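Trainee: I would like to go through this structure and ask how each label is earned.
Mentor: Go ahead.

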Amino acid sequence: MPKNPNLKKIIILGSGPIVIGQAAEFDYSGTQACKAIREEGIETVLVNSNPATIMTDPGIADKVYLEPLKAEFLEKIIEKEQPDGILAGFGGQTALNLAMDLADRGTLKKYNVSLLGVNQQSIQKAEDRDAFKQLMLEIDEPIPPSIIATSLEECEAFAEEVGYPLIIRPAYTLGGTGGGFAKNKEELILQCQIGMENSSIGQILLEKSVAGWKEIEYEVMRDAKDNCIIICNMENFDPVGVHTGDSIVVAPSQTLRDTEYQMLRNASLKIIRSLKIEGGCNIQFALDPKSSRYIVIEVNPRVSRSSALASKAAGYPIAKIAAKIALGYSLDELKNYVTGDTSACFEPALDYCVVKFPTWPFDKFQTASRKLGTQMKATGEVMAISNSFENALLKALTSFDNKNDGLRIPWIQELSSEELWNKLSIPNDQRIYVLAEALRRNITINDLHEKTQIDPWFLNGLKRITDMEQNLATSPLTPKLMLEAEAMGFTDQEIKDLSKVHRSAMQDIRIYNDIFPVYKMVDTCSGEFECRTPYYYSCFDKEDESRISNQKKVLVIGSGPIRIGQGIEFDYCCVHGIWALQKAGYEAIMINNNPETVSTDFDTSDKLYFESLHMDDVMNVIKKERPEGVIVQFGGQTSLNLAQRLAERSIHILGTNYTSIDLAEDREKFSQLLAELNIPTPKGFAITTMQEAFTAVKQLEYPLVVRPSYVIGGRAMQVVYNDLELEKYLKEAVSLSTEHPVLIDRYIQGKEIEVDAIADGDDILIPGIMEHIEKTGVHSGDSISVYPPYTLSEKVINTLTNYTKKIAKALNVNGLINIQYACDGEEIYVIEVNPRASRTVPILSKVTGIPMVQLAVNVMLGDKLKNMGFGTGLAVNQTLHAVKVPVFSSEKLTDMDVALGPEMKSTGEVLGLDSEFSHAVYKGFVASGVLIPTKGNLYISLRDSEKTQSSIDLLKKYCKCGFSIFGSKGTVEYLNQNKIQASLLPEEDVLWGIQNKNIHLVVNVPEHMNDPESQAFHIRRKATDYRVPVLTCMDTAKAFLLAIQIEQQKKETTSIKVKALEEYLQ
Amino acid sequence: MEGLLYLEDGTVFLGKGFGFPKTSVGELVFNTSMTGYQEILTDPSYTGQIINFTYPLIGNYGITESENESNEIHAFGAIAKHICFEPSNYKSIDNIDQWLFNRKVPGLFEIDTRAVTRKIREFGAMKCVISNENISIADAKKLCEESMLRQDYMKTVGTKEMIHIPGNGPKVSVLDFGVKTNILNELKKRDCDVYLFPYNSTAQQLLSVNPDGLFLTNGPGDPKEATEAVNEIRLLLHKIPIFGICMGHQILAQAVGGTTYKMKYGHRGGNHGVFDKDTGRSIITSQNHGFAVNAESILLTGMEITHINLNDRTVEGMKHQSLPVFSVQFHPEAAPGPNDSSYLFDRFLTLMKGGTLHA
């Protein structure tokens, strides 16, 4: 079937901000979809509130709406654009839910817009628990037996019938509170009682558990002609019980016989056909390791994180093909874009093993439980490819910078046998290291399998790695042994540490025996057909397939997995870097390890190395390609951290060189430089001992900001107010050493301002300045920030421009620079300088229309800003207001503290855009997903330093808006003294009120954070769990009031307009 | 155990040996299936061939009792990147190393199997020597040059005498060129009363059991060698419904007057898309063939092409315009591979019950 000729204009829905469970993969799939549709000559209109994405760039879609992904906004866009169809299968759950909303409201019908790819019925059947159960029964596919119960008798009878273990889920609770697991009657009675108590309607769902079974996923595609194919199947290292997003996953399946593989394949085809999905779909199965029985766990009727992984693992562009199918094409009419001339209607054959490894934010959330279960906690993932499981696994493990080189973690190796054994009981992020240690201590594969249900095949793989460790430690390092260790994925450092052979001797062995990796191609067909996609992975084998061209080339180092503090914005910069290099006539080569991203898409760069960003792997690629230069300033701190070692090896870093990078990041050198430039900076010291810390304190004044040097996203950064807190921090939060000093700075209270610039040695260009809503003390990634600045005087702006220019020049910056300033009303201080791309680059590029990354690349290649047509100095402000609002994944991390502080906690961001400031603020809050109350009860509790006149003024406004004020003892007393009517509410009543929708807004500015025992922590958590807005800064509360006022007026006026980005910039 | 692979163009790959210590000469082919090594190695169609597995981890789930496609390993050798000595699957009774040893078949691993595949892709399937007996390259070269590859294994690999597998449904004469167990299973599943005939059976013998249909099996070798079978089948075209798979399809093509040719490196795997003109849809197929039917050669024979390979547009199936006779190049019995096309067995059953291929 050729494409549907009636489709002239299509709206594509994005997935909004990055949250846990919905990350960069939707930028990748949405971007691919836009490109696939646009090349058919169909007009594309993209809607997404996430400004860090590549898809929201001009050039990807014909029109981009950076508007909230909410039905009322979409309705306006649909009315304005009059599209023929909507594509909702590429924006995760957000887009599906939005599409359902639009259908339910009758919007689609009203404007005669069809849902493409997946229809309303399919979504309902896949998403609604009952409808899904019904469908599976109809097509005779097994699902776990379950009942809905309201009495213990029912539960016991059910247990009698189906046996244990059972899962208990209370109906209508949030965040899974009160859910549990029962292995026997005693546990069942207890768990059912708890569950019924926790359910607001005394109802629980009781389901037979298949925990411990193999978890297998299939990525399936179907077209309107009913052709179906499997793109890839995957097997989870961790058996059922751990969310697949938190599991180590291998592709293809390793322990399934063909009969089992085909059995699940058949089931997958049957399911996608019964759902009539036109496009991609992900199906999860549990397979009994002892009988080949299986059950269907879940179906996602859309592209997903797993499909992004499957696309990268198999080389098959699922989103692109799914988009073509949505237009009406059938699979057998489409080409395999990777080979160029075989059919898209085939099933990729892999001739390598893929390992995906998640990354979790536990290093940032000391109070969050590391336990892994059915609620996903990972923020991102890495993927590694090789010809063995062991090598792929070790590559994946070395893909996390600042972490280990292998499977050895000293503190785990020091655990007692008992501790070790106990640690295996509960799946957590460190389990793989514990397993390895258990194997080192000769615990048998069988015992470990019994304990963890992890398939012996995987455990044997780990054993081969620990055996190799042993071998390296006890045998002389022969060339053969070294080759075997390298082929298994041991890093140079690891081999050196284990074998105690000097690096130089190792280097001799390597060079003399030619122990270097070769590069193989990912080609979808195991070499059966010739291919034209230059997508490579390394392994130790005979033949190298990577052909080196004679062109001038540049290597761009990627940013690795999505973490808090280093998100999708750096992938944005890398991709734009690639495009700019190509425009400048260079062959652009990408190295990265994140399967969710656009940078690792098969047609983004001229050549893609899907490799770990470990120094060894980066150097191997450099050795192979011999590029003219390497760009390290786009991949965030990950790539920047490689600068020193690259410089030591005389690798040419394009743009700002290592000396300058070091100067900017070395506290003392940089302070000295600022002193010379006569630019103020908060007084501070780098200390390496407790003694030095207290000596430093004497010269400074509390409060102080403390943090380790060289950090991502302010990890372990804190404000301390006295000696006690300082001591606690130095003892618990960081490990002091001469190599990693801790920085202690005076804490400047005031406005925080962020400046991004491009510098070429002579001039700088500042596209725009962003002013934060929250005062200093809140991490810049977590504060609401505004373009253009809304309170800064011309004088302040001139000073900022001047300082930025001076610093860029003094540092000899070539390319991008990001500077954070604080202004206490009199002085402007430099808080931090990052000689690299930043979180704000994509936002500023979009709202100012200045292609920052492209200009930066041109500068690096030798061009001058004054020749580029965008001017120099500070650019003129656009006539729009952009408000960036951070988004947190606090619902997923059930025990993290939501209070804002110097440690970054947000996982994503949205942008509110409007010609009116208050509307932009409103849009920002709406897009972030916060529910905006229009009246009701406000609970407030303030720390003493916030008991100020401005707080009083603000609360008076809240009262005037119709809110009744309740509060904690001290705060209520203070408010009453200041003539604000406020009533005391004890903690219990507050919690009850939150749970029963009697409290509509919580404002809590805490004295301390991260204390799960404190009353305020409970209140903040409860509010988060019940989706009651919690504001932990008075500045945020002030901005929020603007949103509340708009929400109140909104009923009468429909003054809020939607506009495409291009329209704002005209 | 050191191992060696010598190709007729002089290329040498060194690796390690597994399985039985032995030196064999055969045709080097590659298979891209990610699962199903046991079914592949026991498939009689691989007689005379040495299989290079493109999937690098072979032997992961061991060897089971239920997944043999015949009673022995027919391939002359197996080549893999890695083999698994500690397999994991509840049904496993053996590991691949021991299994090959017991069945006296040589294996080779730690070979750059992707390089081998690319070699075959570029230069075509070729003669090779596999050895894990520490022979010298010179000896391998000599052996390679002195050996001739037989192309007529379809005459010898099947049953030597007629075997009756009773059932209550339609009676099927099966002409055995090296049948895969799962073909017989598919017929049994449909309750067919199966008579398995040896290669040299005559038309008369095939009819002697009063069959409702004739089934032509898969098998090894060059279909042009099977002149006897071609002649006998020609006599049966108008007499009885016929269904052929793979070798059976190629022999049927010759029986109606068509010709076959040797492909550069054939199709071996479980992932090719095939368009079925009758349904207007495409299916994913299990493939194992080095020869194919010339599309033009059957144009005026009364046959029409029903199935086309989506990658290279080669003939994947045909049916007679008036007679109840049809065949496919791929393997609807799967084992290993996708089951998308098992409906073809139902089609055969329909024909035997008096139905037609033309709706």
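Trainee: What makes strand 13, helix 7 and strand 14 of chain B a right-handed β-α-β unit?
Mentor: This is a predicted model, and in it strand 13 (residues 213-216) of chain B, helix 7 (residues 227-236) of chain B and strand 14 of chain B make up that unit. The crossover is called right-handed because, with the strands pointing away from the viewer, the path from the first strand over the helix to the second runs clockwise.

Trainee: How do you know that strand 13 and strand 14 of chain B pair?
Mentor: At least two bridges are needed for a pair. Strand 13 and strand 14 of chain B are joined by three bridges and run parallel, so they count as paired. In one of the pairs of residues, B:Leu216 has B:Gly244 as its bridge partner.

Trainee: Which strand do four bridges join to strand 14 of chain B?
Mentor: Strand 19 (residues 325-328) of chain B, again running parallel. There, B:Val325 is the bridge partner of B:Ile242.

Trainee: Which way do the residues of strand 14 of chain B point, and are they buried or exposed?
Mentor: B:Ile242 and B:Gly244 point one way, B:Phe243 and B:Ile245 the other way, and all are buried.

Trainee: Turning to chain A, which strands are the edge strands of the sheet ordered 3-2-1-4-5?
Mentor: That open sheet has five strands with parallel pairing. Strand 3 (63-65) and strand 5 (114-116) of chain A are its edge strands, since each pairs on one side only. From one strand to the next, the twist averages 25°.

Trainee: How do you know that strand 1 of chain A pairs with strand 2 of chain A?
Mentor: Five bridges join strand 1 (residues 9-13) to strand 2 (residues 43-47) of chain A, and the two run parallel. The requirement is at least two bridges, so the label holds. A:Lys9 stands opposite A:Glu43 here.

Trainee: Which strands does helix 3 of chain A lie across?
Mentor: Helix 3 lies across strand 1, strand 4 (85-87) and strand 5 of chain A, at about 125° to strand 1. Its 13 residues (92-104) reach 19 Å from first C-alpha to last, close to the expected 18 Å. Among its buried residues are A:Leu96, A:Leu98 and A:Leu102. After the helix comes A:Gly106, with a positive phi near 85°.

Trainee: Why does the span of helix 21 of chain A agree with what is expected?
Mentor: Helix 21 (residues 568-583) of chain A has 16 residues, which at 1.5 Å a residue should span 22 Å; the end C-alpha atoms are 23 Å apart, and that agrees.

Trainee: What makes helix 21 of chain A mostly covered?
Mentor: Of its 16 residues, 14 are buried. Just after this helix, A:Gly585 has a positive phi of about 90°.

Trainee: Why are strand 37 and strand 39 of chain A said to stand at the edges?
Mentor: They belong to an open sheet of five strands in the order 37-36-35-38-39, with parallel pairing. Strand 37 (982-984) and strand 39 (1030-1031) of chain A each have a single partner strand, so one side of each has no neighbour in the sheet. Strand 37 of chain A is joined to strand 36 (residues 963-967) of chain A by three bridges, and A:Ile965 stands opposite A:Ala982. Helix 34 (residues 969-977) of chain A packs on this sheet, touching strand 35 (936-942), strand 36 and strand 37 of chain A.

Trainee: Why does A:Lys371 count as partly exposed?
Mentor: A residue is exposed with 12 or fewer C-beta neighbours and buried with 20 or more. A:Lys371 has 13 inside 10 Å, so it counts as partly exposed. A:Lys371 is in the loop between strand 15 (353-359) and strand 16 (380-386) of chain A, and touches A:Ile426 and A:Asn428, leaving out residues up to four places away in sequence.

Trainee: Why is A:Ala686 also called partly exposed?
Mentor: A:Ala686, in strand 23 (residues 684-687) of chain A, has 17 C-beta neighbours inside 10 Å, so A:Ala686 counts as partly exposed too. A:Ala686 and A:Val742 are 56 residues apart in sequence, and their C-alpha atoms are 5.5 Å apart in space.

How values were computed. Residues numbered from 1 in each chain as written. Chains lettered and ligands numbered in written order. Predicted model: local features only at pLDDT ≥ 70, side-chain atom pairs only at ≥ 80, totals over all residues. Expected span 1.5 Å × (residues − 1). Axes fitted to C-alpha atoms, helices over the stretch in contact; angles between N-to-C directions. Contact = placed C-beta atoms within 7 Å.
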